[in-house]
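Welcome, and take a moment to look over the sequence and the 3D view. The report below walks through the fold and then some of its charged side chains.

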Amino acid sequence: MMRFAITGYPRSGHGWLANYLYKNGSVVSHEGPLSFMRPSRTVRQAHVAAMHALTGDCGSSWLLFPDLLRIVPRVVVIERPLSEVVPSFRRVMGDHKIPERETFRELERGFKIALELHPFVLPYEKNYSLRTVERICKYVDEPFDLVRYTLLRHTRVLQDTQRILKQTLE
């Protein structure tokens with residue numbers, strides 16, 4: 001069963017955190033439920049499947065199913081203002097159209113519910129500091145790896161969102 005989830009609004013550094021935390025036998029993904037999508041599964045069922053297969057997941061989609069976060073032992077919420085998130089989100093979405101207003105309304109609802117679960121809340125950082133990563137590792141009970149942090153600290157992790165959405169929706 002999944003030991004931790006790191007969530008928050010899209011474009012909040014979840015990909016970098018997943019990349020850092022995928023180590024030492026811990027299977028941590030970025031928006032992992034996308035990997036569990038099948039024609040016979042709902043998006044919620046893909047989240048449940050991810051919970052059974054992964055050590056942890058870092059992604060905003062958990063805000064769509066905040067009730068599932070209730071059964072995850074450790075939840076981290078990254079706070080990033082929507083005024084920063086929306087323009088960044090629009091840039092990565094490009095021409096791919098989604099019901100943006102409805103999507104963000106659902107994410108906001110999930111964000112409020114997630115905060116009621118008393119998660120470990122941290123502010124978004126463009127480049128996560130050593131201290132922040134140490135704190136996350138301590139909270140999710142993963143060893144902090146200074147060498148890995150040093151190697152990855154200047155790495156930018158970007159997901160090919162348009163390609164993934166196209167594959168998922170086909």
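Is glutamate 142 buried or exposed? Glutamate 142 has a relative accessibility of 6%, so it counts as buried. Please keep in mind that this is a predicted model. We will come back to this residue after a look at the sheet.

## The sheet

Five strands form an open sheet here, in the order S2-S3-S1-S4-S5, and their pairing is parallel. Strand S2 (28-30) and strand S5 (120-123) are at the edges; each has a single partner strand, so one side of each is left without a neighbour in the sheet. From one strand to the next, the twist averages 20°.

You can follow several of these pairings by eye. At one edge, S2 runs parallel to strand S3 (residues 56-58), with three bridges between them. Look there for serine 29, which stands opposite aspartate 57 in S3. Further along, S1 and S4 are also parallel and are joined by five bridges. Phenylalanine 4 has arginine 74 in S4 as its bridge partner. S4 in turn pairs with S5 in the parallel sense over four bridges, and isoleucine 78 stands opposite leucine 122 in S5. As background, strands of a sheet pair through backbone hydrogen bonds, either parallel or antiparallel.

## Around the strands

A helix also packs on the sheet: H6 (residues 130-140) touches strand S1 (4-8), strand S4 (74-79) and S5. The direction of H6 makes about 165° with that of S5.

Serine 60 is a good place to pause, in the loop between S3 and H3. With 9% relative accessibility, serine 60 counts as buried. Leaving aside residues up to four places away in sequence, serine 60 touches Thr7, Gly8, Tyr9, Pro10, His14, Glu31 and Leu107.

Helix H2 has buried residues too: Ala46, His47, Ala49, Ala50 and Met51. Helix H3 is included in what covers the buried residues of H2.

## Salt bridges

How many salt bridges does a search of the whole structure find? There are five. Three of them are set out here, with the N to O distance for each.

| Acidic residue | Basic residue | Closest N to O distance |
|---|---|---|
| Glutamate 142 | Arginine 3 | 2.4 Å |
| Aspartate 67 | Arginine 44 | 2.4 Å |
| Glutamate 106 | Arginine 109 | 3.2 Å |

Back to glutamate 142, which forms its salt bridge with arginine 3. Glutamate 142 is in the loop between H6 and helix H7 (146-152), while arginine 3 is in the segment before S1, so the pair ties together parts that are 139 residues apart in sequence. Glutamate 142 is buried, whereas arginine 3 is partly exposed, with a relative accessible area of 30%.

The salt bridge between aspartate 67 and arginine 44 links distant parts of the chain as well: aspartate 67 belongs to helix H3 (residues 66-69) and arginine 44 to helix H2 (residues 43-53), 23 residues apart. Aspartate 67 is partly exposed at a relative accessible area of 36%, and arginine 44 is partly exposed at 33% relative accessibility.

Arginine 109 and glutamate 106 bring us to a pair within one helix, H5 (residues 100-116). They are three residues apart, which means that about one helical turn separates them. In general, an α-helix has 3.6 residues a turn, so residues three or four places apart point the same way. Arginine 109 is partly exposed, at 38% relative accessibility, and glutamate 106 is partly exposed too, with a relative accessible area of 35%.

## A buried charge without a salt bridge

Where is glutamate 125 found? Glutamate 125 sits in the loop between S5 and H6. Although buried, glutamate 125 has no salt bridge. The nearest side chain of opposite charge belongs to arginine 135, 6.8 Å away, and a salt bridge needs the nitrogen and oxygen within 4 Å.

Which groups, then, does the side chain of glutamate 125 reach? One is the backbone nitrogen of serine 129, at 2.7 Å. Another is the side chain of threonine 132, with which glutamate 125 makes a polar contact at 2.4 Å.

Methods. Residues numbered from 1 in each chain as written. Predicted model: local features only at pLDDT ≥ 70, side-chain atom pairs only at ≥ 80, totals over all residues. Heavy atoms only, no water. Pairing = 2+ DSSP bridges. Helix = DSSP H or I, 4+ residues; strand = E, 2+ residues; numbered from the N terminus. Axes fitted to C-alpha atoms, helices over the stretch in contact; angles between N-to-C directions. Contact = heavy atoms within 4.5 Å. Buried < 20%, exposed > 50% of the residue type's maximum accessible area, 1.4 Å probe, protein only. Lys, Arg positive; Asp, Glu negative; His and termini not counted. Polar contact = N/O pair within 3.5 Å; in protein donor to acceptor, adjacent residues only side chain to side chain.
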